[in-house]
Amino acid sequence: MSNSKMFQGYYKDFKDIKTSTNIFKNKTWLDREYKKIKYLKKLQPHQLNISRDYPLLVATSMIFDDKKLLKIIDFGGAFGKSYLSISKGIVGLKKLKYYIVDLPNICSIAKNNFIDEKKIRFCKKIPNIKDCDIFHFGSSLQYIEDWKAVLIQMKNIKPKYLIFSDLIAGDIKEFVTKQSFNKSVMPYRFYNIKKFVNFISKLGYKLVLRNNYQVQFNNKLSFLPTKKFPIDSRLEYSTNLIFKKNETNY
């Protein structure tokens with residue numbers, strides 16, 4: 001059935017629909033859903049939930065307390081899209097300090113849109129704050145040469161949660177390539193996810209979520225264009241990861 005035929009008619013109440021049958025007893029629906037589950041059972045846990053959004057908003061909504069000040073560091077937060085998503089999207093969130101860490105030129109431009117906003121601050125380096133709730137890396141770590149040094153610096157702040165959105169990592173052989181955009185070219189890293197998770201674990205964090213993330217190019221959902229690479233280094237999806245700080249490290 002086409003989507004255009006999915007909904008038919010416009011009524012006030014259930015009783016106004018004179019004829020009806022139970023879709024959930026329909027053999028076609030039952031067969032389709034049974035086959036779907038049979039297929040899904042064969043997938044790895046991270047393959048079951050393909051995300052098209054960063055997990056930052058939902059994770060923040062789950063941990064925030066309207067009586068406490070929420071502190072978030074967003075590494076690579078650019079012009080503040082995730083800040084808007086959180087500050088405007090979470091009901092009852094009033095006490096918020098949101099630190100965006102990015103390149104000096106981006107910070108200089110981006111802050112002009114938030115001159116009267118007291119909840120957000122643009123930083124050229126990681127701020128040394130206490131009681132950080134979330135440290136977020138949004139599609140940024142693949143551009144960092146000495147990424148381990150950045151994560152060690154992050155560890156010194158002791159955030160309660162560590163979130164990686166659109167991390168270019170998977171069960172692959174790690175390597176570096178070049179990314180080009182409008183005549184600009186820069187190094188770009190693909191991570192082996194087991195090695196990456198192991199490194200984070202040694203910093204005192206436990207993995208609580210891993211799922212696939214589907215990227216967008218020109219506002220269209222797409223697979224990562226990696227078919228030109230060796231088979232053991234190809235990725236269709238990037239990854240979302242959420243870690244929680246081990247209680248023994250508080």
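This briefing describes the fold, the cores, the aromatic cluster, the salt bridges and two backbone features of a single chain. The model is predicted, and its secondary structure comes to seven helices and 13 strands. Taken along the principal axes, the C-alpha atoms fill a box of roughly 65 × 50 × 45 Å. Of the 250 residues in the chain, 38% are buried, and among contacts between residues at least 6 apart in sequence, 72% join residues at least 24 apart.

**The sheet and the helices packed on it**

- Eight strands make up an open sheet of mixed pairing, and their order across the sheet is S1-S10-S13-S6-S5-S2-S3-S4.
- The edges of this sheet are formed by strand S1 (50–51) and strand S4 (120–123), each of which pairs on one side only.
- At the S1 edge, S1 and S10 pair in the parallel sense over two bridges, with Ile 50 standing opposite Asn 212 in S10.
- Helix H3 (residues 56–63) lies across S2, strand S3 (96–101), strand S5 (134–138), strand S6 (161–167) and strand S13 (238–245), and it runs at about 170 degrees to S5.
- H4 also packs on the sheet, where it touches S2, S3 and S4, and its direction makes about 170 degrees with that of S3.

**Nonpolar cores**

- The largest nonpolar core has 30 residues, and those with the most contacts inside it are Phe 137, Leu 151, Phe 164, Phe 196 and Ile 200.
- Strands and helices both contribute to this core, since S2, S3, S5, helix H6 (147–157), S6, H7 and S13 each supply at least two of its residues.
- Another core, of 20 residues, lies apart from the largest one and has among its members Ile 86, Leu 93, Cys 107 and Ile 120.
- Leaving aside residues up to four places away in sequence, Phe 164 touches Phe 137, Leu 141, Leu 151, Phe 196, Ile 200, Thr 239, Asn 240, Leu 241 and Phe 243.

**Aromatic pairs**

- The structure holds 20 aromatic pairs.
- Ring pairs link Phe 75, Phe 135, Phe 137, Trp 147, Phe 164, Tyr 191, Phe 196, Phe 199 and Phe 243 into a cluster.
- Phe 137, Phe 164 and Phe 196 are members of this cluster, and these three residues are also among those with the most contacts inside the largest nonpolar core.

**Salt bridges**

- A search of the whole structure finds seven salt bridges, of which three are described here one by one.
- Lys 36 forms a salt bridge with Glu 33, the closest N and O atoms being 3.3 Å apart; the two residues are three apart in helix H1 (residues 27–40), so about one helical turn separates them.
- Lys 36 has a relative accessible area of 39% and is therefore partly exposed.
- Arg 210 forms a salt bridge with Asp 171, where the closest N and O atoms are 3.3 Å apart; because Arg 210 lies in strand S10 (residues 205–213) and Asp 171 in the loop between strand S7 (169–170) and strand S8 (175–181), the pair ties together parts that are 39 residues apart in sequence.
- Both partners of that pair count as partly exposed, Arg 210 at 22% relative accessibility and Asp 171 at 48%.
- Lys 195 forms a salt bridge with Glu 174, with the closest N and O atoms 3.8 Å apart; as Lys 195 lies in helix H7 (residues 193–202) and Glu 174 in the loop between S7 and S8, this pair ties together parts that are 21 residues apart in sequence.
- Lys 195 is exposed, with a relative accessible area of 53%, whereas Glu 174 counts as partly exposed at 39% relative accessibility.
- Salt bridges that share partners join Arg 32, Glu 33 and Lys 36 into one network.

**Positive phi values outside glycine**

- Ala 78, a residue other than glycine, has a positive phi near 55 degrees; Ala 78 is found in the loop between strand S2 (70–75) and helix H4 (81–89) and is partly exposed, with a relative accessible area of 26%.
- Asn 182, likewise a residue other than glycine, has a positive phi near 50 degrees; Asn 182 is found in the loop between S8 and strand S9 (184–192) and counts as exposed, at 66% relative accessibility.

Note on methods
Residues numbered from 1 in each chain as written. Predicted model: local features only at pLDDT ≥ 70, side-chain atom pairs only at ≥ 80, totals over all residues. Heavy atoms only, no water. Salt bridge = Lys/Arg side-chain N within 4 Å of Asp/Glu carboxyl O. Helix = DSSP H or I, 4+ residues; strand = E, 2+ residues; numbered from the N terminus. Buried < 20%, exposed > 50% of the residue type's maximum accessible area, 1.4 Å probe, protein only. Phe/Tyr/Trp six-rings, centres within 6.5 Å; stacked < 30°, edge-to-face > 60°. Pairing = 2+ DSSP bridges. Contact = heavy atoms within 4.5 Å. Axes fitted to C-alpha atoms, helices over the stretch in contact; angles between N-to-C directions. Core = buried A, V, L, I, M, F, W, Y, C linked by side-chain atoms within 4.5 Å.
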